[in-house]
Amino acid sequence: MKLDVSQASQPKALADKKEVVLKALETLVGKTGAGNDFLGWVDWPEQYDKNEYARIKDAAMRIREEVEALVVIGIGGSYLGARAVIEALSPSYDRKGPEILFAGNHLSAQEMAELLAYLRGKRFAINVISKSGTTTEPAIAFRHCKALLEETVGKEKAKSLIFATTDRARGALKTLADSEGYETFVVPDDIGGRFTVLTAVGLLPIACAGIDTDALFEGARRMRSIALQSDFEKNPALQYAASRLAQMDAGKSIEILVCYEPKMRYMQEWWKQLAGESEGKDGKGLFPASVGNTTDLHSLGQWIQEGPRIHFETVLWFDEAVNDVKIPGDAENLDGLNYLAGKTMHYVNEQAMLATKKAHVDGGVPNHLLRFERLDAEQIGELLYFFEVVIGVSGYAAGVNPFNQPGVEYYKKNMFHLLGKPGFETLA
């Protein structure tokens, strides 16, 4: 991975933030700051549970052989990481193995009804992911999907087709799984939801999609060796964190993550949760937004180019196209595109990226450029770990606890009150 911050922050601005991000990294690695009981992800690429990892691979193989679809039930960090990796690394139109479907991340009756109708008559398995088993959205979805599975194959057979990723020892879902005999996998106590993509939370669905999880770990390990070093000049994670802080000092309040590959849409969604839930507290934090170019150049491009100067961009680019196609010539040339005949689409896409970046920089929009070699499992492993370190360092440097999310409890209390949940008869 290569980082270019030259069109975002001047050397002096980076130098001014050097000590604060180095101190934040020391706090992160030393586990001495707020939320330090949720830092298991820092060493996870080296110290993951090897026995459970083997069980994950075995379960994924069985699922791939037995069913047409796997329904992954979870919300927030319990599904976004898996979906991000699967969408980024799977063929868009001709996928092999079971279809990976996602449920429990909304309360839409229409979506649930359509999912149940789609599953009826299909051979499917369920991976329900919840630390507690009582989160409203996934709990409701699990009730529906479990009932349909038991109706379809019988209660006894259904037990072998339900996989629960939950707390190691307690909680409603753990209790149910133990009593019913579901195979279980662990949500580690010391890793918060938005950082769990390389645990069983993300790995079981990812492995069921046929993605090389070993390569994901290899990429994460490689980035760990880079991102945890204290040499600022050799550490792109520290430089990027410093530049983000400099942008906030300059009055920027929005960071836009820009991708030129449609496959990266859910990776952007994962990043938005990672950044927003980690940094957005105590009246602080950048608002994380995203665009998919060149598509969004035809909708949001005008605002980015000439709207209020409250934002900066971080562009993700893959230098090589795993698959590329050449643009054909046309004898009539009615569209006037013969000047592109023989060039590859990846080349044209890159020129569009460079042209857009220059236009935005010239228009006063600071830009970071993150270049990865290609869109494959190792590079995605690098990307995941890179952003986790950046957000952890950025949060500590900004003076917040990056590993809690107290604000999400407010809407839950109101919702429970309106729904009449026992114990929530009155609002706090």
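**Notes on the predicted model**

1. A good place to begin is a loop: Thr294 lies between β8 and α13 (301-306). The peptide bond that leads into Thr294 from Asn293 is cis, with omega near 10 degrees. Please keep in mind throughout that this is a predicted model, so that cis bond belongs to a prediction as well.

2. Now to the sheet. Five strands make up an open sheet, and their order is β1-β10-β9-β7-β8, with mixed pairing. At the edges are β1 (2-4) and β8 (287-292), each of which pairs on one side only. From one strand to the next, the twist averages 20 degrees.

3. The β1 edge deserves a look of its own. β1 and β10 (residues 367-374) run antiparallel and are joined by three bridges. Lys2 has Arg371 of β10 as its bridge partner.

4. Which helix packs on the sheet, touching β7, β9 and β10? That is α15 (residues 377-398), which contacts β7 (254-259), β9 (311-320) and β10. The direction of α15 makes about 150 degrees with that of β10.

5. Staying with α15, the helix has 22 residues and reaches 32 Å from its first C-alpha to its last, close to the 32 Å expected at 1.5 Å a residue. Of its 22 residues, 20 are buried, so α15 is largely enclosed by the rest of the structure. Gly399 follows the helix, and the phi of Gly399 is positive, near 90 degrees.

6. Next, the aromatic side chains. The structure holds 16 aromatic pairs. One of them joins Phe386 and Phe387 edge-to-face, at 5.6 Å centre to centre and with 65 degrees between the planes. Both Phe386 and Phe387 are buried. Elsewhere in the list of ring contacts, Trp41, Phe195, Tyr385, Tyr396 and Phe403 are linked into a cluster by ring pairs.

7. Two lysines are worth displaying together with their rings. The charged end of Lys122 sits over the ring of Tyr118, 3.8 Å from the ring centre. For Lys421, the charged end sits over the ring of Phe416, 4.1 Å from the centre of that ring.

8. Two residues caught my eye when I went through the backbone angles. Lys31 is not a glycine, yet its phi is positive, about 55 degrees. Lys31 lies in the loop between α1 (11-30) and α2 (44-47), and its relative accessible area of 33% makes it partly exposed. Asp282, also not a glycine, has a positive phi of about 55 degrees. The loop that holds Asp282 runs between α12 (265-279) and β8. Is Asp282 buried or exposed? With a relative accessible area of 61%, Asp282 is exposed.

9. Last comes Thr166, in strand β5 (residues 162-166). Thr166 counts as buried because its relative accessibility is 0%, where the cut-off for buried is under 20%. Leaving aside residues up to four places away in sequence, Thr166 touches Ser130, Lys131, Leu173, Lys174, Phe185, Val186 and Val187. Ala321 is 155 residues from Thr166 in sequence, and the two are 37 Å apart in space, C-alpha to C-alpha.

Note on methods:
Residues numbered from 1 in each chain as written. Predicted model: local features only at pLDDT ≥ 70, side-chain atom pairs only at ≥ 80, totals over all residues. Heavy atoms only, no water. Pairing = 2+ DSSP bridges. Helix = DSSP H or I, 4+ residues; strand = E, 2+ residues; numbered from the N terminus. Axes fitted to C-alpha atoms, helices over the stretch in contact; angles between N-to-C directions. Contact = heavy atoms within 4.5 Å. Phe/Tyr/Trp six-rings, centres within 6.5 Å; stacked < 30°, edge-to-face > 60°. Buried < 20%, exposed > 50% of the residue type's maximum accessible area, 1.4 Å probe, protein only. Lys NZ or Arg CZ within 6 Å of the ring centre and 35° of its normal. Expected span 1.5 Å × (residues − 1).
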